[in-house]
Amino acid sequence: METRVTLTHLLPTQLHRMKLKFSIIGLSETNANPDVATVYELPGYTSFYQEITEDKSKGTGVCLYVNNSLNATINHSLSSVTANLETLFVTIKCNNKSSTVGVVYRPPSGVLNEAINEYNNIAEQLPK
């Protein structure tokens with residue numbers, strides 16, 4: 001089993017120590033998945049990691065931490081993992097209004113033009 005600790009994995013701990021309070025924290029290049037959510041827990045936040053696809057041996061590159069005061073759910077129609085783009089979006093409901101927030105990562109091994117097309121397709125689906 002490979003163990004890899006990166007700056008991204010240390011960030012939740014550092015944010016907690018600095019006592020910074022953000023509503024939403026988006027991370028890329030996490031190389032993690034939902035199975036490690038308890039390992040990289042940030043008190044006061046709910047973590048959302050993208051699922052691993054069958055053709056990937058490592059985790060995905062995107063993660064969101066959402067403050068527990070917000071009611072967030074994964075927006076599956078906007079969240080995806082392909083060879084060209086990894087996206088994770090949540091919908092937050094507050095005061096009878098909805099907001100959509102996400103993080104996008106383009107793996108360097110992906111095809112740039114295809115990543116741009118995929119991103120444009122997602123952007124067209126975003127609430128206006």
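## Ser 79 and its surroundings

In this predicted model, Ser 79 is found in the loop that joins strand 4 (71–74) to strand 5 (80–81). Is this residue buried or exposed? Ser 79 has a relative accessible area of 13%, and it counts as buried because this value falls under the cut-off of 20%.

The side chain of Ser 79 takes part in two pairings with backbone atoms, which are set out in the table below.

| Side chain | Backbone atom | Distance |
|---|---|---|
| Ser 79 | oxygen of Asn 75 | 2.9 Å |
| Ser 79 | nitrogen of Phe 89 | 2.8 Å |

Phe 89 also appears when one asks which residues Ser 79 touches beyond its neighbours within four places in sequence. With those neighbours left aside, the residues in contact with Ser 79 are Gln 50, Ile 74, Thr 87, Leu 88 and Phe 89.

The chain as a whole gives the setting for this residue. It holds 2 helices and 7 strands, and, read from the N terminus on, these elements follow the order α-β-β-β-β-β-β-β-α, with a helix at the start of the series and another at its end. Ser 79 is buried, and of the 128 residues of the chain, 36% are counted in that class.

How much of the contact pattern links residues 24 or more positions apart? Among the contacts in the chain with a separation of 6 or more, such pairs make up 50%. Turning to the surface, the chain exposes about 8100 Å², and 51% of this area is supplied by carbon and sulfur atoms.

How values were computed
Residues numbered from 1 in each chain as written. Predicted model: local features only at pLDDT ≥ 70, side-chain atom pairs only at ≥ 80, totals over all residues. Heavy atoms only, no water. Helix = DSSP H or I, 4+ residues; strand = E, 2+ residues; numbered from the N terminus. Buried < 20%, exposed > 50% of the residue type's maximum accessible area, 1.4 Å probe, protein only. Polar contact = N/O pair within 3.5 Å; in protein donor to acceptor, adjacent residues only side chain to side chain. Contact = heavy atoms within 4.5 Å. Areas by Shrake-Rupley, 256 points an atom, 1.4 Å probe, with all protein chains shown as cover.
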